[in-house]
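Have a look at the sequence and the fold below before reading on. The notes after it are a quick tour for someone meeting this chain for the first time.

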Amino acid sequence: MSHENDLLFHLRMLSDEVRMRAYRAAIEATVRPGDVVADLGSGSGVLGLLCARAGAARVFCVEKNAFMVDRARRVAADNGLSDRLEFLTSPIEELTAFPAPVDVLVSETLGPAGVDEGIFRLFAHCVSILPRRPRCIPASVRVLAAPIHYPALDARARRTARVEGLDFSSLADSLGDLPQVLPVTPEMLLAPERDLFRGAPGVDRPPGELTTRWDPPPAGAVNAVGIWFRADLSDGVPLGNGPEGPDTHWDQLVLPLLPALAPASGPLALQVWPRFVAAAPRWKWRVTWGGRTHEGDPEKLDAPGSVED
Ligand SMILES: C[S@@+](CC[C@H](N)C(=O)[O-])C[C@H]1O[C@@H](n2cnc3c(N)ncnc32)[C@H](O)[C@@H]1O
């Protein structure tokens, strides 16, 4: 990401009041005076600063983006908290120890689908290098899915297949292999949301394959699966990006099925594989309904040899 995009990304998160209010409440409920805290993926430093304000004696802010570390140092100084924030410019998974035992791990490495910034992997690594189990924010994360009909997806597939009388169908066909982050609204849901995974960062790890099914099946043609998360940051402090909840900066992850699967009898089954390629999420998914299958896989679009695992 360019520095301009880094700044826009962090400003967007800082301006998400739903997110900020929930993290402030969870930090105030969890951090005790004198605690040592690690803020994993500290970015602008906002979570570390809230921990310091809640009484933490030392906060290790771990961030791999040196440009953001530099900006966060300035923010810490502007708030008179430089003496309590210590910046470690490193990928979290490359840390072999913290400068002191940590009481609280806090992180917002949550993508639109909860697991897609690697929060479970990052907490597991930190717990493995700490002498005792820390308190964790978030305390738990659920990943949920629902079959949806997203009208703009059909329209885009139709409009891009033929453009000004030219045949672009070979490009338009790729839409069924391209995950997108889009705003899903409650009326797009064709069946209730179902759990794909639930676990506690620092304790659990999601399996490589997440599955669920809808029986009775959805009530209409399905052209995508929507995925979102619901977390308990601490006891009684929820945060999520479900379509029924308040708007957040995350929107939702949309895995397209194009062309749409028309209604069939029998259950609709979903399998997803949240793969990570070069640390970025690369979802693969399969939907089976009434003997028909759609398999979305961005890897199909790569030139041979271009994928780095
Ligand atoms: C979603 S942002 C959250 C930033 C900040 N904590 C906040 O709440 O506004 C995630 C941050 O984690 C950093 N990050 C992601 N994976 C990381 C890793 N493996 N090691 C270190 N930093 C990481 C990113 O560069 C980014 O700044």
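What follows goes through the domains, the ligand's surroundings and one sheet, in that order. One thing to keep in mind from the start: this is a predicted model.

**Two domains and where they touch**

The domain assignment splits the chain into domain 1, covering 3–108, and domain 2, covering 141–301. Taken over C-alpha atoms, the centres of domain 1 and domain 2 sit 31 Å apart. Where the two touch, domain 1 brings 12 residues and domain 2 brings 9.

So what does the domain 1 side of that contact look like? Helix 1 (3–14) and helix 2 (17–30) each put in at least two residues. Helix 2 is the top contributor to that side, giving 8 residues. Sorted by class, the side of domain 1 that touches domain 2 holds 8 nonpolar residues, 1 polar residue and 3 charged ones.

**Around the ligand**

Which residues come nearest to the ligand? Of the 20 residues around the ligand, they are G41, G43, K64, I92 and E108. Helix 1 turns up again here: along with helix 3 (46–53) and strand 2 (58–63), helix 1 supplies at least two residues of the shell around the ligand. As for the make-up of that shell, you'll find 8 nonpolar, 7 polar and 5 charged residues.

**A four-stranded sheet**

Now for the sheet. This one is open, has 4 strands in the order 11-15-16-17, and pairs them antiparallel. Strand 11 (210–214) and strand 17 (292–296) are the edges, each pairing on one side only. From one strand to the next, the twist averages 15°.

Two of the pairings can be set side by side:

| Strand pair | Sense | Bridges |
|---|---|---|
| Strand 11 and strand 15 | antiparallel | 5 bridges |
| Strand 15 (residues 268–277) and strand 16 (residues 280–289) | antiparallel | 10 bridges |

If you want to find these pairings in the picture, a few residues make handy markers. For strand 11 and strand 15, look for L210, whose bridge partner in strand 15 is V272. For strand 15 and strand 16, try W273, which stands opposite K284 in strand 16. Another marker is F276, with P281 as its bridge partner in strand 16.

**Pulling it together**

Helix 1 is a good place to start a second look, as helix 1 supplies residues to the side of domain 1 that touches domain 2 and also to the shell around the ligand. After that, try following the sheet across in its order, 11-15-16-17.

Definitions and conventions:
Residues numbered from 1 in each chain as written. Predicted model: local features only at pLDDT ≥ 70, side-chain atom pairs only at ≥ 80, totals over all residues. Domains from an automatic or database assignment. Contact = placed C-beta atoms within 7 Å. Nonpolar A, V, L, I, M, F, W, Y, C, P; charged D, E, K, R; others polar. Near = placed C-beta within 6 Å. Pairing = 2+ DSSP bridges. Axes fitted to C-alpha atoms, helices over the stretch in contact; angles between N-to-C directions.
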